[in-house]
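Please walk through this protein with me, beginning with its strands and moving on to its helices and the spaces between them. What can be said about how its parts are arranged?

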Amino acid sequence: MKSRLVALLDDVDAALSGAYLRAFGERAALLTFLFHGIFRNEKEMKENLVDPQQGTTLEHFRDFIDYFLSRGYSFVGEKNLAEAPLPSGKLALITLDDGYFSSRHAQDPMNEFKVPAIFYLATGFVEENRCFWWDVVYRERIRRGSSLSTIRQEQAQLKESSPEKIRIYLSEQFGEKASHPIGEIDRPLTPREVRSMADDPLVAFGNHTRDHAILTRLLSDQAEHQIRIAQEQIEQWTGRAPQSVSYPNGDYSQEHIALARKLGFRFGLTVEPRKNYLPLDESNHNRMKLGRFYFFGGQRMRASWDLMRSEFRLRTFLRKAKDRLG
C-alpha cells in the first residue's frame with residue numbers, strides 16, 4: 001500500500017511540475033547530473049557483475065542529452081566552471097563518478113551531440129586495477145542468494161569503515177581474488193586509457209579521492225592525503241591537474257570545503273538534489289558544494305527530468321506546509 005501511495009504521489013508531482021514549467025518556465029540555473037558506469041544494454045546490466053546503481057544504459061544516456069538540448073539547455077564543462085562568471089541561462093553539467101571502464105561508453109553520445117563531461121576518478125582502483133568494493137559485495141551476495149535489502153544494509157555498514165578495513169573484509173568474506181575484475185563491465189579504467197581519454201577536448205577529469213574514501217569518516221590529515229594523492233596521480237596520467245572534487249558519497253563538511261579551496265579546486269560537487277541558481281557566489285562558497293541530480297533508467301525518466309527542471313515540487317510544498325503547521 002505504501003509503495004502505491006508513493007508512486008501515486010510521484011505521478012501527481014510530475015504532472016504538477018510539468019504544468020508549472022509550461023506556465024512559468026525556469027529560472028537561470030546550473031543543473032548538474034551524476035552518472036557512474038554506462039551499460040551498453042539491458043542484457044549487460046542483468047549479468048549482475050556490478051551493482052546496477054542507477055541502471056543507466058547507453059540509450060538512456062543519449063535520451064537524456066537529447067531531452068535537455070531540446071528544452072534549450074546548454075551543456076557546460078570544466079573550463080566553463082573554472083572561469084567565472086558563468087553565462088546566464090539554462091545550463092547542464094554531466095559528471096561520471098568513480099572511474100569505470102564502462103563510463104567510456106558516454107564518449108560516443110558526447111561527441112555526437114558535442115557536449116562535455118567531467119569524469120571523477122577514485123585513482124587507487126584505477127592504479128591497482130581492482131573492482132570497486134560495493135560491486136564486489138553486490139556480485140558475491142547475489143551469487144549467494146542474498147536479498148537486495150540485505151546487500152544494501154551490508155554496503156551501508158561498510159561505508160562506516162576505512163578503505164583498509166574494507167579491503168580486509170572483502171578478502172575474508174569472499175577471498176583474495178574477489179576484487180579482481182572479471183571483464184570490462186566490472187573493471188576500472190587503466191592509467192593508459194585515462195591518458196587516451198584526456199586527448200578528447202570534451203573530456204575532463206576530476207578528483208574523487210584515492211580510495212573513494214568518505215571524507216567525513218577520516219581525520220583531517222587522512223582526508224587531505226586521500227585528495228592530494230588522487231590529484232598527483234591524475235595530473236601524472238593526463239598532464240593536467242583537476243579543477244574540481246566530487247565528495248565520495250556526497251559527504252562533506254565546512255572543513256572539507258576549506259580543504260578543497262586550500263588545495264586549489266575551483267568547485268566541488270555533492271549529491272544534494274537541487275538546482276544551482278545563477279549567478280554562482282563569486283566567493284566560491286556555493287561553488288564548493290554544488291547540488292547534483294541523479295535518476296534511474298526506465299520508463300519514468302522524462303518525468304524525473306521534468307521534476308528536476310521545475311521550481312515547484314509537491315513534496316517540498318507539503319513538507320514546508322507541515323513545518324508551518326507544527
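**From the strands to the spaces within**

What covers the buried residues of helix 12 includes helix 11 and strand 6, the latter spanning residues 244–246. The model in view is a predicted one, and this helix is a convenient place to enter it. Helix 12 runs over residues 254–262, and its buried residues are His-256, Ile-257, Leu-259 and Ala-260. Seen down the helix axis, these buried residues fall within an arc of 160°, and they therefore line one face of helix 12. Just after helix 12, the backbone at Gly-264 takes a positive phi of about 95°.

Helix 11 also leads to the next region, a loop that lies between strand 5 (203–207) and helix 11 (220–238) and in which Thr-209 is found. Is Thr-209 buried or exposed? Buried is the term that applies, because its relative accessibility is 0%, whereas the cut-off for that term is under 20%. Leaving aside residues up to four places away in sequence, Thr-209 touches Leu-121, Ala-122 and Thr-123, as well as Leu-215, Gln-226, Ile-227, Ala-230 and Pro-248. One of these contacts, Leu-121, returns below as a bridge partner in strand 4.

The strands can be taken up from strand 1, which covers residues 29–35 and has seven of its seven residues buried. In a regular strand the side chains alternate between the two faces of the sheet. In strand 1 both faces are covered, with Ala-29, Leu-31, Phe-33 and Phe-35 buried on one side and Leu-30, Thr-32 and Leu-34 buried on the other.

Which strands pair with strand 1, and in which sense? Strand 1 pairs with strand 3 (residues 90–98) in the parallel sense over seven bridges, while two bridges join strand 1 to strand 8 (residues 276–277) in an antiparallel arrangement. Ala-29 takes part in both pairings, since it stands opposite Lys-90 in strand 3 and opposite Tyr-277 in strand 8. Further along strand 1, Phe-35 stands opposite Leu-96 in strand 3.

Strand 3 has eight of its nine residues buried, and so the rest of the structure largely encloses it. Besides its pairing with strand 1, strand 3 pairs in the parallel sense with strand 2 (residues 74–75) over two bridges, and within that pairing the partner of Phe-75 is Ala-92. Strand 3 also runs parallel to strand 4 (residues 117–121), to which four bridges join it. In that pairing, Asp-98 has Leu-121 of strand 4 as its bridge partner, and Leu-121 is among the residues that Thr-209 touches.

The description can now turn from the chain to the spaces it leaves. A search of the whole structure finds three cavities of 30 Å³ or more, and the largest of them holds about 120 Å³ of space. Of the 14 residues that line the largest cavity, those closest to its centre are His-36, Gly-37, Phe-39, Asp-51 and Pro-52. The lining of the largest cavity is made up of six nonpolar, seven polar and one charged residues.

The second largest cavity holds about 50 Å³ of space, and its lining consists of Glu-78, Ala-204, Phe-205, Thr-238, Arg-240, Ala-241 and Pro-242. By class, that lining has four nonpolar, one polar and two charged residues.

Pockets, unlike cavities, are open, and the largest pocket holds about 960 Å³ of space. Which residues lie nearest the centre of the largest pocket? Among its 43 lining residues, that position belongs to Gln-53, Trp-133, Trp-134, Lys-159 and His-212. Strand 3 appears here again, for it supplies at least two residues of the pocket lining, as does each of helix 7 (133–143), helix 8 (148–158) and helix 9 (163–174). The largest share of the lining, five residues, comes from helix 9. Taken by class, the lining of the largest pocket divides into 17 nonpolar, 15 polar and 11 charged residues.

How values were computed: Residues are numbered from 1 along each chain as its sequence is written. This is a predicted model: local features need pLDDT of at least 70, side-chain atom pairs count only at pLDDT 80 or more; totals for chains, interfaces and linings use all residues. Side-chain values use heavy atoms; hydrogens and water are left out. Buried means under 20% relative accessible area, exposed over 50%, partly exposed in between (1.4 Å probe, protein chains only). Contact means heavy atoms within 4.5 Å. The arc is that of the directions from the helix axis to the C-beta atoms. Two strands pair if DSSP finds at least two bridges between them. On a 1 Å grid over the protein atoms alone, a cavity is a set of points where a 1.4 Å probe fits but cannot get out, and a pocket is an open set with protein on both sides within 12 Å along at least five of seven lines; lining residues have an atom within 4 Å of a point. Grid points are joined across faces, edges and corners, and a volume is the space filled by probe spheres set on the points. Ala, Val, Leu, Ile, Met, Phe, Trp, Tyr, Cys and Pro count as nonpolar, Asp, Glu, Lys and Arg as charged, and the others, Gly among them, as polar.
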